[in-house]
Structure formats: C-alpha cells, structure tokens
Amino acid sequence: GAIGLLGLFPQAWSVTVRVGVFLALYGLFFCATGLNQLGMNTLQGKLIPPHRRGRLLALSSVVGSTLAVLAAWWWMPQWVTRPGGFGVLFFTSGALFAGGLLGLALLREPAQDPPQDSSVGANALRALLAQLGSYPSFATLLAITMLFSSSLFLFPHYQALAREHLGLGGVQLMVWVVVQNVALGSVGVVVGTLADRRGTRLALRVLLFLVALGPLWAVALGYGWVPQPARWFWTVFILLGFTPVTIRMLANYTLELVPAAEHPRFLSVVNFSLAAPFVLSPLVGWMIDLWGYGIVFVGVSVLLLTAAGLTFLLEEPRKQHPGPLVPSPLGQQNEVLP
C-alpha cells in the first residue's frame, strides 16, 4: 500500500528519495512475506494431514490464479499504460493482502506442546545444528533450496531480455502475468495430486526439472534460435509459473520430514536458505552486463538441474509413516491410522 501511494504521487518526492523509500519498503515487504510464509506453513502443518496438502495446493492455486488472471486481464492494461498506473497496481495488491486478514478469523488453531528445547538466538541455532544428524535429508534439502533460489535471481531479467533482444514490453506484461498465473493454477492441480498420491519428494523432483527448462527456453527465444521468437516468448512464463509451486513443495516436504513441534524452527531455516543467496543478486546483474544473458541463464539452469538431481538423495518421509496422518483436534501428537 505504501509503495502504491509512492507511485500515485511521484511529484511529492525527489527521485533520490523515491528510490530510497522504494527499496526500504521493498525490503520490508519481503521480510513480512517471509514471516507470512512461516506462519501459514506452520498452520498448515497443524491443520492439514500430509496426504491432503497436495489437494490444498491444487485448490488454492486454481482459485488464486483465476482471480489474478481476471484482475490482470481487466485492469492491468489500462494501469500500466497511464501515468501513476503502477501506483494503482501496488495499492490494489495491498488492499487485497489486507482483505486476506479476514480469513484468519475463520481459522481455529489447535493448541500444541512447545518443543523440549525452546531456546532462542544462538542457542536455538546450536540446538538445530545438533538435530541435523537425526534428519540427514534436511541438510540435502537446504542445498536444494539454495540452488533453487538461483532461479529467483533471474525474474527481473526475463523482462529485460525480452525488451532488449525482442523489443517486447508494455501491454505484453499483462499477457505474461496472465500466462504465469494460468500455468500456476494448472500445474498446482497436477503436482498437488501427484504429491498426495506418490509423495512430495517425486513432486518436488518433477518441479525442479521443469523450472530448469525456463532459463534455457528464454535464451533460445531471446537469441533467435527459434523461429518467430517474439511471438512465442510468452511461453517462457508457463515455466516460470512452476516457481511458486516449488516453494510451496519445499515447505511441504519439510512439514513431513520433522515432528510438528519442530515445524516453525525448521521452516525458518528453509526460508533463510531460500533468501540468503540473494546477497549474490547484484553479482548476477553485473555478470549479465559483462557477459550477456546466455551464459548466466545457462549457468542457472545447470544449478537447477543439480538441485533436481539431489532429490534422488532425499528420503521419502511417508515410507517412515505408512498410512494417513490425521491431526488431533486437541493439538496432540498426530495419530497414524491403519
């Protein structure tokens, strides 16, 4: 909402002030987003049994992407083509986030015993490191998460590649948003069903291989290796639509791997592993300026393929817990039904 106001009244501040305030608000937004993901994923671990989380992913992806597509189709073209239009876009997004608060009033969170070790700060970190030996797959998952985060570095550069090499932009932004959200909803249904039936590990593996194709396909189109590249560049955003689903699947795997009392602590480490590599994002921009898009995009694809390969080292948590896990209404330890 604050960024929206900044965009609606650009003349009220100098360019220097606007840039500084924007970056500060942008950082604050992602801090809030990380905390939101931690809270929502922890709540999901309490309320939804593992063999139903894929269904939740599917339904939420369909509903969310449908609303996003309708909003982008009707409103975004007129917003991005007029002065202050991006301010309206950000302000509307903020209002919708605020509307999401209403859903919390409908949730009933069961009580849960705190973990045996409730230390904080450096002591909590040492306690967590001591626990890693009990969950060898978690260390592998952290490596997968950090490798996967390299795909997020490229998000602003896809638009720059299309603009500089193919002359695309403006109203095409709306088309790309629509395509990405349609892909998100569609893949959410398929991968969510796969996760419920065959396990989260397999779903995560499939997603990582698909995400790895995105940078390669973007380079092929951006450098004209495919006929009529400008006509087909929108297809890149089909593959980009898999990225948010992959983030959800990383969290779902964590929820299955560790006990419920440890969910917040382990999920926070996964979030940190996802965010920590972003200190290298300026280096990625510098490398693109120096060497061009091709080398950097192909390099990121190699990292993503490595992450996909590492999934073969992960255990399947459901083999350790045969049968559906059903959360107790009193928030007690989950019961395994025959």
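Here are some worked exercises on the predicted model shown above.

**Exercise 1. The chain as a whole**

Find how many helices and strands the chain has, and what share of its residues is buried.

Solution.
- Step 1: Begin with the secondary structure, where 17 helices and 2 strands appear in the chain.
- Step 2: Turn to burial. Of the 338 residues in the chain, 42% are buried.
- Step 3: Look at the contacts with a separation of 6 or more. Residues 24 or more positions apart account for 80% of these contacts in the chain.

**Exercise 2. Checking the span of two helices**

Compare the end-to-end reach of helix H2 and of helix H14 with what 1.5 Å a residue would give.

Solution.
- Step 1: Helix H2 takes in residues 15-47, which is 33 residues, and the expected span is 48 Å.
- Step 2: From the first C-alpha of H2 to the last, the model gives 47 Å, close to that expectation.
- Step 3: Helix H14 covers residues 263-275, and its 13 residues should span 18 Å. The count is multiplied after taking off one residue, because the expected span is 1.5 Å times one less than the number of residues.
- Step 4: The end C-alpha atoms of H14 are 18 Å apart, so the two values agree.

**Exercise 3. What covers H2?**

Work out which residues of H2 are buried and what covers them, then place Gln37 in this setting.

Solution.
- Step 1: The buried residues of H2 are Leu38, Asn41, Thr42, Leu43, Gln44, Gly45 and Lys46.
- Step 2: Their cover includes H3, H14 and helix H13 (242-257).
- Step 3: Gln37 also belongs to H2. With a relative accessibility of 27%, Gln37 is classed as partly exposed, because buried means under 20% and exposed over 50%.
- Step 4: Setting aside neighbours within four places in sequence, Gln37 is in contact with Ile247 and Asn271. Asn271 is one of the buried residues of H14.
- Step 5: Along the chain, Gln37 and Ala251 are 214 residues apart, yet their C-alpha atoms are separated by 9.0 Å.

**Exercise 4. Thr145 and its partners in H14**

Is Thr145 buried or exposed, and which residues does Thr145 touch beyond its sequence neighbours?

Solution.
- Step 1: Thr145 sits in helix H6, residues 136-148.
- Step 2: Its relative accessibility is 0%, so Thr145 counts as buried.
- Step 3: Within the chain's polar contacts, the side chain of Thr145 reaches the backbone oxygen of Leu141 at 2.8 Å.
- Step 4: Not counting residues up to four places away in sequence, Thr145 touches Leu250, Val270, Ser273 and Leu274.
- Step 5: Now look at those partners from the side of H14, where the buried residues include Val270, Ser273 and Leu274.
- Step 6: Val269 is another residue of H14, and is buried with a relative accessible area of 18%. The C-alpha atoms of Val269 and Leu142 are separated by 8.1 Å, although their positions lie 127 residues apart along the chain.**Exercise 5. How H3 meets H9**

Decide how H3 runs relative to helix H9, and then describe Ser65 of H3.

Solution.
- Step 1: H3 and H9 (residues 172-198) pack with their axes 8 Å apart, at an angle of about 170°.
- Step 2: Angles over 145 degrees count as roughly antiparallel, so H3 is roughly antiparallel to H9.
- Step 3: The residues of this contact divide into 17 nonpolar, 8 polar and 4 charged.
- Step 4: Ser65 lies in H3, which covers residues 50-80. Ser65 has a relative accessible area of 5% and is buried.
- Step 5: The side chain of Ser65 reaches the backbone oxygen of Val62 at 3.2 Å.
- Step 6: Apart from neighbours within four places in sequence, Ser65 is in contact with Ser60, Asn181 and Gly185.

**Exercise 6. Phe86 and Gln228**

Find which residues Phe86 contacts, and where Gln228 lies.

Solution.
- Step 1: Phe86 is part of helix H4, residues 85-104. Its relative accessible area is 42%, which makes Phe86 partly exposed.
- Step 2: Leaving out neighbours within four places in sequence, Phe86 is in contact with Trp79, Val80 and Leu173.
- Step 3: Phe86 and Leu8 are 78 residues apart along the chain, with their C-alpha atoms separated by 7.8 Å.
- Step 4: Gln228 lies in the loop between helix H10 (200-222) and helix H11 (229-232).
- Step 5: Gln228 counts as partly exposed at 48% relative accessibility. Its phi is near 50°, a positive value in a residue other than glycine.

Note on methods. Residues numbered from 1 in each chain as written. Predicted model: local features only at pLDDT ≥ 70, side-chain atom pairs only at ≥ 80, totals over all residues. Heavy atoms only, no water. Helix = DSSP H or I, 4+ residues; strand = E, 2+ residues; numbered from the N terminus. Buried < 20%, exposed > 50% of the residue type's maximum accessible area, 1.4 Å probe, protein only. Polar contact = N/O pair within 3.5 Å; in protein donor to acceptor, adjacent residues only side chain to side chain. Contact = heavy atoms within 4.5 Å. Axes fitted to C-alpha atoms, helices over the stretch in contact; angles between N-to-C directions. Parallel < 35°, antiparallel > 145°, perpendicular 65-115°, else oblique. Nonpolar A, V, L, I, M, F, W, Y, C, P; charged D, E, K, R; others polar.
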